[in-house]
Every structure is written in C-alpha cells, then in structure tokens.
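Thanks for coming. I will go through the charged pairs in this one, and then a contact between parts of the chain. Please have a look at the screen first.

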Amino acid sequence: MLAIKTKEGASLWIALLAALFVAAGMGISGFRWWVVLGTAAGMLVFIALAALFIIRKYVAYKLKPIYSIVLSRDVHTREIFSELKDKRVENIGEELTAWADTNDKEIARLKEAEQFRKQYLGNVAHELKTPIFNIQGYISTLLDGGLEDELINRKYLERAEKSIDRLINIVNDLDTISKLESSMNRLNMEQFDIVALAKEIAEQAEIEADRKHIRISVKGAENLPSPFWVLADKHYIGQVFVNLIINSIRYGKEGGQTRVRFRDMLDKILVEVEDNGQGIGKEDQPRIFERFYRTDKGRSREQGGTGLGLAIVKHIVEAHGERISVRSEPGVGSTFSFSLKKVPLQQMK
C-alpha cells in the first residue's frame, strides 16, 4: 500500500499522475516526443506547487481550531504554516496525542485534588463538631440549673474545659500545617547536634511518660556533643521529635519503653523512634500520615490526639528533601524512621 507521509509527497504524486495523463493524451494525439516531455515536465512542476499550496491551506484550516485549543489562544494561520514547515503528519498526530495524554493526567490530578479537598473539609468539620457540641451541651446543662448543683457544676466545667483544650489543639495543628505548606521554602537551616535535641525533647516528655511508667532512652552517644550533627531546621525537627515521642507514649503499653536511636549512613544520619506499644496493622500503615486518619478512632480521641501529628511530621521531613517511613507489627510495636543531611565533623562551625 502506498504510504504518503508528507505534504510534499502528496503534492508530488498528484502532479506526477496529472503529468502522466497529459503526456499520454498528447502522445496519442501525435505530438512530438520533446513537446510531450516538455509539457509534462512543466505540468509536473506547476501542479506540484499548486497542490502543495492547496494542501497546506486545507491542513492549516483544519488544524487551526485544534492548535487554538492546545495553546489556549487564537492562533494565526502564519503560525500553523510555520509549525507545518518541517513536520510530517505523524509528528503532528504524536504531538496532539501527547497533549491529550497530558491533559487527561491533569484532569485526573484535579479530580483527585478536589476529592481530597472535599474529604479534608468533611474531616475538619467532623473533628471540630464533636468538642463544640460537647461544650454546648455542658454549658446548656449548667445554664438550665446545673450551675447551682454542686454535684455537677464543677464536673461539667472541667469537661467543658477538656473539650476546649481539644478544640484549641485541633486549631493549633491546623494552623501549623497551614504555615508549613506556605513557608516550607523558608526553612532556617543550621548545624546542630541532633542527639542533644532528642535528649532535650525526651526530658520534656518525661512527666507524661511517668504516668504510664514508660521509660524513654536516647541512644547514639553517651557524651555531648555527639558525632551526630545534621543540617536542618532545628525548630521544626524539634516538632518532629515531640510528635513522634508523644505518640509513642500515648499508644505505648504500661511499663513499656520508647527508644530514640541514631545511625551514621555516610552522608546522612538515620533517626529511629521505636516503641513496644500496640502497633499498627498493615492495612493502616500506608495511610497513617494522612490528615485526621486514625487506626482506632475512639481510642485516639480518648488519648487527646487530633489526628494531625503524623501529617505535620511528614510535611516537615519532606520539606527537608527526605522521607519518613514506618515499620510496625500489631502487639509488638512501631518504628518511625527518617533521615537528615549529615554535617561532617571537619565542617562543623
């Protein structure tokens, strides 16, 4: 089958066929051979140029609205002629197919983002609704006469205060995520001893750990300064430690242990926060860094969690160009791991 892949090829075939018909007619009519040959050659050139001009105009007419859609603007015919100058028909088809694929992917991404937005707003509304309704119920009871009843007034005020604290925690975490998303390109990078920071956060969490008789140990170096220095935003990495250590205490078992360990990985420092608590099921592990996702919703709320702690941790670690992962087994415990850029000892300021 004859394959015509260019405008020039199509016009040449049209001209060649026309020239052959003319030559055949003139030959039958008795014209001399050199007259037939000269006329056929002239017809070949003339028809080839005319056919090329007509084909270009027709193709440009058909492609103009398509290119206007692709480029999202009104395209001049001259631009179409310029595009067609050195291109085969297949090239144009490949370009349009690639544009369609890109467009399909963008539409799919926007649909996914819209679904996430709807789910996120629904989760925010649900999380805020519970403490607000609780506060409303306690205050209404007090206003309806409970305020004068010494058996319930203080108890209901304490419960209302607990719901207000939960509401404040949710709003603070939402504000933190909003700030992280808008200002993560403005990290205050500095060199610091990450073991010293972990020990500082662990000491601050000891009061909460003592309530459940959980022991926190920071392993990596006996003396400070340690050899584990990193280049990162110290304030935000401190938030990572706070969230991971507090989580390990809240969901750890009575009398358990939380270990913070450090490993030298050549150009990076690997940080691991390990507990021997209730663990996380395999089906939940891929989603635990999503906002408001909880493996045990009822128990998480009892523990005072907002469901945003691990989402904040993920934002901070990824803003440093790193990733956080989790290894966990139900009934055995969980280990959260992330890495940071290492500062060689000879480069420390």
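A residue is called partly exposed when its relative accessible area lies between the buried limit, under 20%, and the exposed limit, over 50%. What you see is a predicted model.

K268 has 27% relative accessibility, so by those limits K268 counts as partly exposed. The side chain of K268 forms a salt bridge with that of E322, at 2.7 Å from N to O. Where do K268 and E322 lie? K268 is in strand 5, residues 268–275, and E322 is in the loop between helix 10 (309–319) and strand 6 (324–329). The two are 54 residues apart in sequence, so the pair ties together those parts of the chain. Is E322 buried or exposed? E322 is buried, because its relative accessible area is 11%. The K268–E322 bridge therefore joins a partly exposed lysine to a buried glutamate.

Next, E208 and R250. Their side chains meet in a salt bridge with an N to O distance of 3.8 Å. This pair also links distant parts of the chain: E208 sits in helix 7, residues 206–211, and R250 in helix 8, residues 234–250, with their positions 42 residues apart in sequence. E208 has a relative accessibility of 26%, which means that E208 counts as partly exposed.

Now a pair within one helix. K314 and E318 form a salt bridge, and their closest N and O atoms are 3.1 Å apart. Both residues belong to helix 10, and because they are four residues apart there, about one helical turn separates them. K314 is partly exposed at 30% relative accessibility, and E318 is partly exposed as well, at 40%.

There is also a network. R261, R263, E272, E274 and R327 are joined into one network by salt bridges that share partners. How many salt bridges does the model have? The count comes to nine.

Last, the contact I mentioned. D173 is located in helix 5, which runs over residues 153–183. With a relative accessible area of 19%, D173 falls under the 20% limit and so counts as buried. D173 and I312 are 139 residues apart in sequence, yet their C-alpha atoms are 7.9 Å apart in space.

To go back over the pairs: K268 with E322 at 2.7 Å, K314 with E318 at 3.1 Å, and E208 with R250 at 3.8 Å. That is what I have for today.

Methods: Residues numbered from 1 in each chain as written. Predicted model: local features only at pLDDT ≥ 70, side-chain atom pairs only at ≥ 80, totals over all residues. Heavy atoms only, no water. Salt bridge = Lys/Arg side-chain N within 4 Å of Asp/Glu carboxyl O. Buried < 20%, exposed > 50% of the residue type's maximum accessible area, 1.4 Å probe, protein only.
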